[in-house]
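Biologist: Could you take me closely through the place where the two chains meet? I would like one connected account that I can follow with the model open.

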There are 2 protein chains.
Amino acid sequence: MAHMISIDDPHDERLHDYVDLRDVSLRRSLEADEGLFIAEGEKVIRRAVEAGYRPRSFLLAERWLNGLADILQRSEAPVYVVDEALAERVTGFHVHRGALASLERVTRWRMDDLLDAQRLVVCEDIVDHTNVGAILRSVAGLGWDGALLAPRAADPLYRRAIKTSMGAVFSLPWARLDDWRGGLQRLREQGFMIAAMALRDDSVTLDDLAADLVARHRKLALLLGTEGDGLSAHWLSQADVVVRIPMGHGIDSLNVAAAAAVACYELRIR
Amino acid sequence: MAHMISIDDPHDERLHDYVDLRDVSLRRSLEADEGLFIAEGEKVIRRAVEAGYRPRSFLLAERWLNGLADILQRSEAPVYVVDEALAERVTGFHVHRGALASLERVTRWRMDDLLDAQRLVVCEDIVDHTNVGAILRSVAGLGWDGALLAPRAADPLYRRAIKTSMGAVFSLPWARLDDWRGGLQRLREQGFMIAAMALRDDSVTLDDLAADLVARHRKLALLLGTEGDGLSAHWLSQADVVVRIPMGHGIDSLNVAAAAAVACYELRIR
């Protein structure tokens, strides 16, 4: 059973895991150094714990104790009970959902674990945490098998990515593609057709690619590029096919998370 | 030709349109009172002006003057040239794209202008500006005719909505549905089939609905509900059909902007 501890000093050392949650660069180094990540909101905390991540501590306003009682009961981690003003002072923002947890960051999957997949999304340098979160949620929700992320893509275990994914990052297998230069070759050797999403004259439409996949029963790795500039020339040059979503009304492109959702839907295994 | 004015006092009254751009509630009242909106970044400013919105002023760092030279040349509005530190002090954030414009807010379309459409998205209380921006971009990009927004949905002309939409909010016809209670009846009278996106047992899948539309050549209004809670019972009760995107991996739902993109793609006119 978790141990309840009331805290009323915002500088209490035990709250260190939760400081300045809006300061992205501080959080990046703090979370890497300490090997932790933060989950926010009852539903997301529950999903993290149920997926097997180990809580280091909880930070809750009193009114959230009941909602998480079963989770707290099964945990050894301390529960810091604070009022909402103190939570705001420590974290730097108003914690709408009133509940935070700090959990141990572990690597659950490696690229090798994903090579038996039929459908993988591969994110190059997608830097926005809400985009990464939304993409991983769509990948999971639309029945794809997993995601690979290039070294510079945003962290799926960053608080806002987790929140936007509604915890999908805890159940969907995903891994870093450590080798940006040579990693796609690995996928090709494993029988993946490599499709790059990009706006190019030599591209095929999404439904043409879907028909081709159905006809040929191919494993597919779908490459998505960074917001704004899209895929690097190096990755584009390695694709078997370039695919586009046909656009209207003089619009160039969709938001990358919207494009990912459309592609995962159209190219799903049927 | 626009008039260039160097400003080095952050409290200069002429910068009033640009204060505290991150303070959503302040900006809401300021922009409504003054009848303005803010566009950010060269590409988006260009699209606003080319779509016919009239600039009140520009706020630029010197290095952005060249990129917008043609736009500035054709405008009568003053150009306030400031250094980036001053821009940050006034606006409250680091203006990555170095260029801002304040433009006159005008109502370009009303609900009546959209009733000849074949495909409309109707957003109930979607409150996140990036979701509204991404949705309107998908609606436009995927060839739908326009969007209606319930009274409490987020403002498509708010800076972040504009930015996420990449300016699609300037070209796509959209309007407020002023009558939340009775507005859907208006759509029905105009021959729209009303489809509600929701997770319900009596829902049909997206591809079943697409097949039905193709078979019956129906005009379609697709209702999207607020983040989290979804559509109100009142709107759900008025739908002709409830539609869902089939989900896998134990995931409940997609992010609303991702769901909108998938639905607009699958239900497009072919």
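**Where the chains meet**

Modeller: Happily! 100% of the interface residues of chain B are also interface residues in chain A, so the copies meet through the same surface. This is a predicted model, in which local features need pLDDT of at least 70 and side-chain atom pairs count only at pLDDT 80 or more, while totals for chains, interfaces and linings use all residues. Residues are numbered from 1 along each chain as its sequence is written, chains are lettered from A in the order in which they are written, and side-chain values use heavy atoms, without hydrogens and water.

Across the interface, 33 residues of chain B are in contact with 33 residues of chain A (contact means heavy atoms within 4.5 Å). Together the chains bury about 2400 Å², 57% of it on carbon and sulfur atoms; buried area is the accessible area (1.4 Å probe) that two parts lose on being put together, summed over both. On the chain B side, Arg137(B), His249(B) and Tyr265(B) lose the most area to chain A, together 26% of what that side buries.

Now for the charged pairs: there are four salt bridges between chain B and chain A, each a side-chain nitrogen of Lys or Arg within 4 Å of a carboxyl oxygen of Asp or Glu. One of them joins the side chains of Asp207(B) and Arg268(A) at 3.7 Å, N to O. The elements of chain B that give two or more residues to the side touching chain A are H2, helix H5 (129–141), H7, helix H9 (206–216) and helix H11 (256–266); helices here are DSSP runs (H or I, at least four residues), numbered from the N terminus.
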